[in-house]
Amino acid sequence: MIYRYSGHSGVQLPVLSLGLWHNFGDVDCFDESVRMILKAFDSGICHFDLANNYGPPPGSAETNFGRIFHGYLESHRDEVFISSKAGHRMWEGVYGDGCSRKNIIASCDQSLRRTGLEYFDVFYCHRYDGVTPVEESMQALIDIVRQGKALYVGISKFPPEQQLQAYELLREAHVPCLLSQYRCSLFDRKAQRSNFHLAADAGSGIVCFSPLAQGLLTGKYDGGIPSGSRAAKESGFLKVSQVTEGRVEAARQLGEVARRRGQTLAQMALAWVLNDERVTSVILGTSSARQLESNINALANLSFSEEELQEINTIVADEALSF
Ligand SMILES: NC(=O)c1ccc[n+]([C@@H]2O[C@H](COP(=O)([O-])OP(=O)(O)OC[C@H]3O[C@@H](n4cnc5c(N)ncnc54)[C@H](OP(=O)(O)O)[C@@H]3O)[C@@H](O)[C@H]2O)c1
């Protein structure tokens, strides 16, 4: 495994992390979840990314992670880095959604109970909700650290203005923002343009999610929607309407470039995100240990020639690919 420092901190993270948004809920195969987490840990992927609402049902990914962690990895607590988040709808009523202090503090306590952990390594505000003052959300994160419930804090998907505000407030409180999470893939380069330089200037590490555009950047949708794939699943966030001809064709062309590099498309897509040295880690989502193993092999070739980058840029230039 390769590790990078997270921004201006002393924390190193593996360049590949494992996320539990899909595939770790009660609707999924528990034994496969165990295999993926152990495969990750044994491969040096010591960073696991959770959120209160991951499942389905919401909360079940944290509960299942807790079962697996306490069953197999408890004695390795100081070798793993575990994150969780609050800010998206989690429970019914006005306090179960958004980034108020009320929601963030209660949510962190619930997540600790579900996972059975004493603390999270990093706790994130999952989004800017458009209403709650950034001061309120950041003060909740600062207090979570002061209470010993998390070691570090992070923000996710904050637009540039609120992102800068968050960094400033956290810096003033001496709880600097360790990580900023943004979606980034060959099909979505918006954060690279709008948010990464702000994070880098503020000394925050950058973690990228959905690096394979939820599976579109694997070539698996070449011949339609395979059964068992994320787009085919009722609980999957990838909608059939997002599997457009344009994206499938672009993936096919990218697959040609990957083949010439001796990689799968997924491996090349992961390497491409990591080619930006501001990125601390890319969060993998996998539905099997086999996928995980294959994706880890992306590390065998992380460098790109200028010609390859130009060819890739030409294929993904159409903004309609972005979603
Ligand atoms: N901060 C946020 O708001 C936010 C939002 C979204 C995600 N995240 C984090 O980022 C993590 C990753 O996101 P993501 O799951 O969307 O990542 P992704 O890498 O874009 O998509 C993962 C999916 O692609 C397919 N796949 C992966 N490797 C494959 C391979 N080698 N061959 C064939 N198919 C493959 C699998 O879907 P199939 O089911 O089709 O096999 C897998 O579940 C999440 O778990 C979460 O921790 C954070």
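How many nonpolar, polar and charged residues does the shell around the ligand have? The legends below address this point for a predicted model, and then turn to strand β9.

**View A. Residue classes in the shell around the ligand.** The shell is made up of 17 polar, nine nonpolar and four charged residues. Among the 30 residues around the ligand, those that come nearest are Gly 19, Trp 21, Phe 209, Gly 215 and Gly 285.

**View B. Elements that supply the shell around the ligand.** At least two residues of the shell are contributed by each of β10 (279-284) and α10 (289-296). Helix α10 provides the largest share, namely three residues.

**View C. Burial of strand β9.** Strand β9 spans residues 205-209 and is mostly covered, with five of its five residues buried. On one side lie Gly 205, Val 207 and Phe 209, and on the other Ile 206 and Cys 208; these residues are all buried, and both faces of the strand are thus covered. Phe 209 is also one of the residues that come nearest to the ligand.

**View D. Pairing of β9 with β8.** Strand β8 (residues 177-183) pairs with β9 in the parallel sense, over five bridges. Within this pairing, Gln 181 has Val 207 of β9 as its bridge partner. Val 207 is buried, on the side of β9 that also holds Gly 205 and Phe 209.

**View E. Pairing of β9 with β10.** Strands β9 and β10 run parallel and are joined by three bridges. Ile 206 stands opposite Val 279 of β10. Ile 206 is buried, on the side of β9 that also holds Cys 208. Strand β10 in turn supplies at least two residues of the shell around the ligand.

Terms used: Residues are numbered from 1 along each chain as its sequence is written. This is a predicted model: local features need pLDDT of at least 70, side-chain atom pairs count only at pLDDT 80 or more; totals for chains, interfaces and linings use all residues. A residue is near a molecule or strand if its C-beta atom, placed from the backbone, lies within 6 Å of it. Helices (H or I, at least four residues) and strands (E, at least two) are DSSP runs, numbered from the N terminus. Ala, Val, Leu, Ile, Met, Phe, Trp, Tyr, Cys and Pro count as nonpolar, Asp, Glu, Lys and Arg as charged, and the others, Gly among them, as polar. A residue is buried if 20 or more other C-beta atoms lie within 10 Å of its own, exposed if 12 or fewer, and partly exposed in between; C-beta atoms are placed from the backbone. Two strands pair if DSSP finds at least two bridges between them.
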